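Trainee: I should like to work through this structure with you, one question at a time. May we begin with the interior and then proceed to other features?

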Amino acid sequence: MVISAVTVLSAQNKSLVNTSQSPYAKLAGVGMGDVHWTNGFWAERFEVCRNSMSPKLLKTYMDEHVAHAFKNFEIAAKLDTGHHVGPPFHDGDFYKAFESLVSLYAVTGDKKLDQLMDEIIPVIVKAQRADGYIHTPTTIAERNNPEKAKAFADRLNFETYNMGHLMTAACLHYRVTGKRTLLDAAIKATDYLYAFYKKASPELARNAICPSHYMGVVEMYRTTRDPKYLELAKSLIDIRGMMKDGTDDNQDRVPFRQQTKAMGHAVRANYLYAGVADVYAETGDTSLLRPLNLIWNNLVNTKMYITGGCGALYDGVSPNGTSYQPNDVQKIHQAYGRDYQLPNMTAYNETCANIGNLLFNWRMLQLTGEAKYADLVELVLYNSILSGVSLDGVDFCYTNPLSQSSKFPYKMRWMGGRIPYIALSNCCPPNTTRTVSEVQNYAYNLSKEGLWVHLYGSNELNTTLENGEKIQLSQTTDYPWNGAVTINLKKIPKKSFALFVRIPGWCKGASLSVNGKEEQTNLASGTYVKLAREWKAGDKVELNLPMEAKLIEANPLVEETRNQVAVKRGPVVYCLEGSDLANENIFEVVIPSNIHFTVKPIEISGSHLMCLEGNAAIEKAPNWDNMLYREISPLKENVSIRLIPYFAWGNRGHVDMTVWMNLKR
Ligand SMILES: [Zn+2]
């Protein structure tokens, strides 16, 4: 077996997305084991992930009677006999579950996790073909029915998606453990793809749907510095839009460089945008940055839910084609719709698409250091990603609607609410699990100038600057429930450096002091305060981010939310759930514009959250059965309401829920 001539591997940087050598990225990540949540919100989520989400998901995937994912590898590896069971993207989802083990191990150093990974890896390695191709459905079919099995024969076979997740998981495993076992398999797979794309026609190459491999291939380049991987990543973008029958759903009807709007299948779209941002970080090709900026503006200003959710439509037709020929109308699914088309009950918002939004914005943040991207990283994490998993880490959502009603008259494809295993399409649970296990990686960045603080939550940071000097600090806060944050510097570099402290876009009136002395900095919303000085150990930075509950309205072009408000406190979007309004219809609640909310602790499913209590009005009326229009009813005043964080909905049974509520001005 010939492994490509990779001799120099950059193992020093152990970050989740390694932009430390990327010429066009401003920021670089800290090591995957450098941040430990100490207590509070993210510490609780991390523990749920460590003790419940990740082990239960792994158990599911290792159980051949439930998921059959690991069994597929064993059969492909000739350690067992049988047929492939499960969706074609099962391998990739197993790699994502594996990635959560890497991340948990990086933080905890738990030897059992290392041992488990060492047991899994040889089976994956053995399932790989000698030429580097690895995809258990085809490998197993090759053995059982050689005539019918052909690599890349079916675009819905998800081979490159699977290999992309192998690449990402392998890079991280290598960075964290220093072991090459999985990385060598990923090198063989990437070499296989490189050779494949050298000779593949555009039609064959378009088989690459759901492009997790754009990010994967660039991360392989960052790990190995093998220039042909960067060449491969560039060609993957160039080849898009070159075939005759491209679709908006797959973002390949027009070449990427000509695209201006977020379109099509939202997971594929966001993975594509994240991958292209990765290529830009290495190449500085401005013809890629231009569409990224246009698409970002279109997405954030016209197509994204208040929760950061992406992909409004279950099914639809593409609004992007220009033809009037009925036969040219293109179907789209799980997709972005038209600008401002944001229905609530039927919102798709697949958790994977929302995670793709995080991946896209994190990469844009690495390129630019602009706070608007960090705002979205935070928004998506707290709202449309955490909503994808139950508070106890056991049950998952596939779609993330902003409203649910028991009176809804028809069944959507995914009306299951939270369930432990989504048999036909379990992509979201492992994606959510790896993401929750990795949140600490999004808290800080390093740059030539200093340290950037993006996310707030009690933690210890212990990292090494590019020049080898150590920096150690702690963050103490009850964020996101309270905006007071204290940063204690414990170990500092000899030379002066800057601390970039994020003032969230939602925050007005932020103040900051250093060692008890108020800073005269202009603390504008949506910026970083730059504190450059000769720091000394023991220095203390205190940040105060006022976070009163606010009523938020949407652009009136969003028809579905006209004359309605959502409630947001700090980065957390709230919702009204039937469990908190016994004997009343939550859709009849009317929020007065001068409502005063009291913040109170609440425990749901063993998790500690803050709810909002206040007095609203209610429109009591006969039921709507067999009625489409009627005269309005008088308002009954003074109904006590309680709002809970949107991410916590659906943890107390299947009840009505809404983010948007009627407004009385
Ligand atoms: Zn998914």
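Mentor: Let us begin with the core, bearing in mind that the model is predicted. The largest nonpolar core holds 227 residues, and the members touching the most others are Ile-641 and Val-659. Helix H11 (residues 266-283) supplies the largest share of this core, namely twelve residues.

Trainee: Which residues does Ile-641 touch, not counting residues up to four places away in sequence?

Mentor: Contact here means heavy atoms within 4.5 Å. With residues up to four places away in sequence left out, the residues touched by Ile-641 include Glu-613, Gly-614 and Ala-616. Also among them are Leu-576, Leu-581, Val-589, Ile-591, Ile-595, Phe-597 and Leu-612.

Trainee: What is the arrangement of the four donor atoms around the zinc ion?

Mentor: The zinc ion is coordinated by Glu-350 through OE and by Cys-352, Cys-427 and Cys-428 through SG, at 2.1 to 2.3 Å. Four donors count as tetrahedral if all angles lie between 85 and 135 degrees. Because the donor atoms here subtend angles of 90 to 122 degrees, the arrangement is tetrahedral.

Trainee: How many residues apart in sequence are the parts that Cys-352 and Cys-427 tie together?

Mentor: The donor residues follow the spacing E-x1-C-x74-C-C. Cys-352 belongs to helix H13 (residues 351-368), whereas Cys-427 is in the loop between strand S6 (403-404) and helix H15 (428-438), so the pair ties together parts whose separation in sequence is 75 residues.

Trainee: How are the planes of Phe-41 and Tyr-382 arranged in their aromatic pair?

Mentor: The whole structure contains 27 aromatic pairs. In the one formed by Phe-41 and Tyr-382, the centres are 5.3 Å apart and the planes are at 50 degrees, an arrangement that is tilted.

Trainee: Is Tyr-382 buried or exposed?

Mentor: Tyr-382 lies in helix H14 (residues 371-385) and its partner Phe-41 in helix H1 (residues 41-62), 341 residues away along the chain. Phe-41 has a relative accessible area of 7% and is buried. Buried means under 20%; because Tyr-382 has a relative accessibility of 1%, this residue too counts as buried.

Trainee: Which ring has Arg-630 over its face?

Mentor: A charge may sit over a ring, as with the charged end of Lys-228, which is 5.8 Å from the centre of the ring of Tyr-194. For Arg-630, the distance to the ring centre is 3.7 Å, and the ring is that of Trp-624.

Key:
Residues are numbered from 1 along each chain as its sequence is written. This is a predicted model: local features need pLDDT of at least 70, side-chain atom pairs count only at pLDDT 80 or more; totals for chains, interfaces and linings use all residues. Side-chain values use heavy atoms; hydrogens and water are left out. Donors are N, O and S atoms within 2.8 Å of the metal (3.2 Å for Na, K and Ca); water is not among the atoms, so sites may look incomplete. Four donors count as tetrahedral if all angles lie between 85 and 135 degrees; four count as square planar and six as octahedral if opposite donors are over 155 degrees apart and all others between 65 and 115; anything else is irregular. Helices (H or I, at least four residues) and strands (E, at least two) are DSSP runs, numbered from the N terminus. A nonpolar core is a set of buried Ala, Val, Leu, Ile, Met, Phe, Trp, Tyr and Cys residues joined through side-chain atoms within 4.5 Å. Buried means under 20% relative accessible area, exposed over 50%, partly exposed in between (1.4 Å probe, protein chains only). Rings of Phe, Tyr and Trp (its six-membered ring) pair if their centres lie within 6.5 Å; planes under 30 degrees apart count as stacked, over 60 as edge-to-face and the rest as tilted. A charge sits over a ring if NZ of Lys or CZ of Arg is within 6 Å of the ring centre and within 35 degrees of the ring normal.
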